[in-house]
Amino acid sequence: MRQIELGLRQEAHVKIDDTACRSVLPNRSLQRKGRLIVGNCVDIMRSWPDDIAHLTVTSPPYDKLRDYKGYDFPFEKIADELFRVTAPGGVLVWVVGDRINGGRSLTSFRQAIYLQEIGFSAHDIMIYQKKNTPFTRSNAYTNAYEMMFVLSKGKPATFNPLKVPTQRHGYEMLTHNKLPDGINKKKLGELKKEKTRTNIWSYAVGLGGTTNDKIAFQHPAVFPEKLAEDHILSWSNPGDLVLDPMCGSGTTGKMALLNDRDFIGIDISPEYIEIARQRLSSLGLSVETLQ
Ligand SMILES: C[S@@+](CC[C@H](N)C(=O)[O-])C[C@H]1O[C@@H](n2cnc3c(N)ncnc32)[C@H](O)[C@@H]1O
């Protein structure tokens, strides 16, 4: 059985059987490449070996809120396959909102609990705040967020924290060593120029916010490309394999390829895969579609 090597990071080198999946896995001797695959992601992932994806950034259909042409969404089977194909130390970012009218469905929480039960660690629960077009309601506060469950297979192998500038920086007398007697002592210390971001991330949505790529809006539920990029930069390194098993208009793929990661995207809809293909190709990104 001929073997090929996948993965640049020392800790994540994986030997895979290329007879099973040579057609879908990137060839590292070439420029970073995106693969787009039409199909039910459960069936596609089942043909792959274990432990190959360093990062998945994906968003499932939300409580049948949108018309995805009636396609099947077998959540538990998708979750099981995602756990299997995630590399040790790899991360799954699951971006999801609940049906709100008629009481919150809490589907997002049920999904997160299932993902934890099958072995993912609930590394963080982050908030994707929408700066504009929030969902107004007559009997509750305007809803302006979705959840971003950050799930890891073991301890995350990579965390490249994104930073924001601090309000004040330089040297100041700072309070330190507060003992149980409650007396504050002061000591000269440095306030840093930047600090790690919080786990609430805000994005404008719509044209110019979500993306400037008009073609993406032919898909009914695109997430902001900056959201995808921020997770890619945080939880993966150049050369890693990024996956989106429900890739829609190809947002995760665009940002993975622009940031020197390999990418595999799957969508059950040939129309959405064609939108993703056109979107990535029009940006000069290397992409191949597999039926
Ligand atoms: C919320 S959308 C993803 C949008 C994407 N994040 C973007 O920015 O364009 C969910 C996608 O899941 C796809 N989908 C639903 N069930 C699927 C399945 N079983 N296998 C693969 N794709 C599926 C739908 O066709 C839809 O495009």
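**Briefing: one chain, its sheet and its ligand shell**

Asp-260 is partly exposed, because 14 other C-beta atoms lie within 10 Å of its own, between the limits of 12 for exposed and 20 for buried. This is a predicted model. The chain holds 7 helices and 15 strands. Nine of those strands are covered below, in an open sheet of 9 strands with mixed pairing.

**Confidence**

- The average pLDDT of the chain is 87.
- A score of at least 70 is reached by 87% of the residues.
- Residues 1–23 keep a pLDDT under 50.
- For that stretch, the model has 44 contacts beyond four places in sequence.
- Where pLDDT is low, predicted coordinates should not be read in detail.

**The chain as a whole**

- The chain has 291 residues, and 34% of them count as buried.
- Take the contacts between residues at least 6 apart in sequence: 69% of them join residues at least 24 apart.

**The sheet**

- The strand order is S12-S6-S7-S5-S4-S13-S14-S3-S15.
- Strand S12 (200–203) and strand S15 (287–290) are the edge strands, and each pairs on one side only.
- From one strand to the next, the twist averages 20 degrees.
- Strand S4 (residues 53–58) pairs with strand S5 (residues 86–96) in the parallel sense.
- That pairing runs over 5 bridges.
- In this pair, Thr-58 stands opposite Trp-94 in S5.

**Helices across the sheet**

- Helix H5 (residues 225–235) lies across S4, S5, strand S6 (121–130), S12 and strand S13 (241–244).
- The direction of H5 is at about 160 degrees to S4.
- Helix H7 (residues 270–282) lies across strand S3 (34–38), strand S14 (262–267) and S15.
- The direction of H7 is at about 165 degrees to S3.

**Around the ligand**

- The ligand is surrounded by 23 residues.
- The closest are Cys-41, Met-246, Gly-248, Ser-249 and Thr-251.
- By class, this shell has 14 nonpolar, 7 polar and 2 charged residues.

**Ser-249 up close**

- Ser-249 is one of the closest residues to the ligand.
- Ser-249 sits in the loop between S13 and helix H6 (251–258).
- Is Ser-249 buried or exposed? Ser-249 is buried, because 29 other C-beta atoms lie within 10 Å and the cut-off is 20 or more.
- Leaving out residues up to four places away in sequence, Ser-249 touches Ala-216, His-219, Val-222, Tyr-272, Ile-275, Ala-276 and Arg-279.
- Val-222 and Ser-249 are 27 residues apart in sequence.
- In space, Val-222 and Ser-249 are 6.8 Å apart, C-alpha to C-alpha.

**Two residues with positive phi**

- Most residues other than glycine have a negative phi.
- Leu-106 is not a glycine, although it has a positive phi of about 65 degrees.
- Leu-106 belongs to the loop between S5 and helix H4 (107–117).
- Leu-106 is partly exposed, because 13 other C-beta atoms lie within 10 Å, and a count of 12 or fewer would make it exposed.
- Asp-260 also is not a glycine, and its phi is positive at about 65 degrees.
- Which loop holds Asp-260? Asp-260 is found in the loop between H6 and S14.

How values were computed. Residues are numbered from 1 along each chain as its sequence is written. This is a predicted model: local features need pLDDT of at least 70, side-chain atom pairs count only at pLDDT 80 or more; totals for chains, interfaces and linings use all residues. Two strands pair if DSSP finds at least two bridges between them. Helices (H or I, at least four residues) and strands (E, at least two) are DSSP runs, numbered from the N terminus. Axes are lines fitted to C-alpha atoms, for helices over the stretch in contact, and angles run from 0 to 180 degrees between N-to-C directions. Two residues are in contact if their C-beta atoms, placed from the backbone, lie within 7 Å. A residue is near a molecule or strand if its C-beta atom, placed from the backbone, lies within 6 Å of it. Ala, Val, Leu, Ile, Met, Phe, Trp, Tyr, Cys and Pro count as nonpolar, Asp, Glu, Lys and Arg as charged, and the others, Gly among them, as polar. pLDDT is the predictor's confidence in each residue, from 0 to 100.
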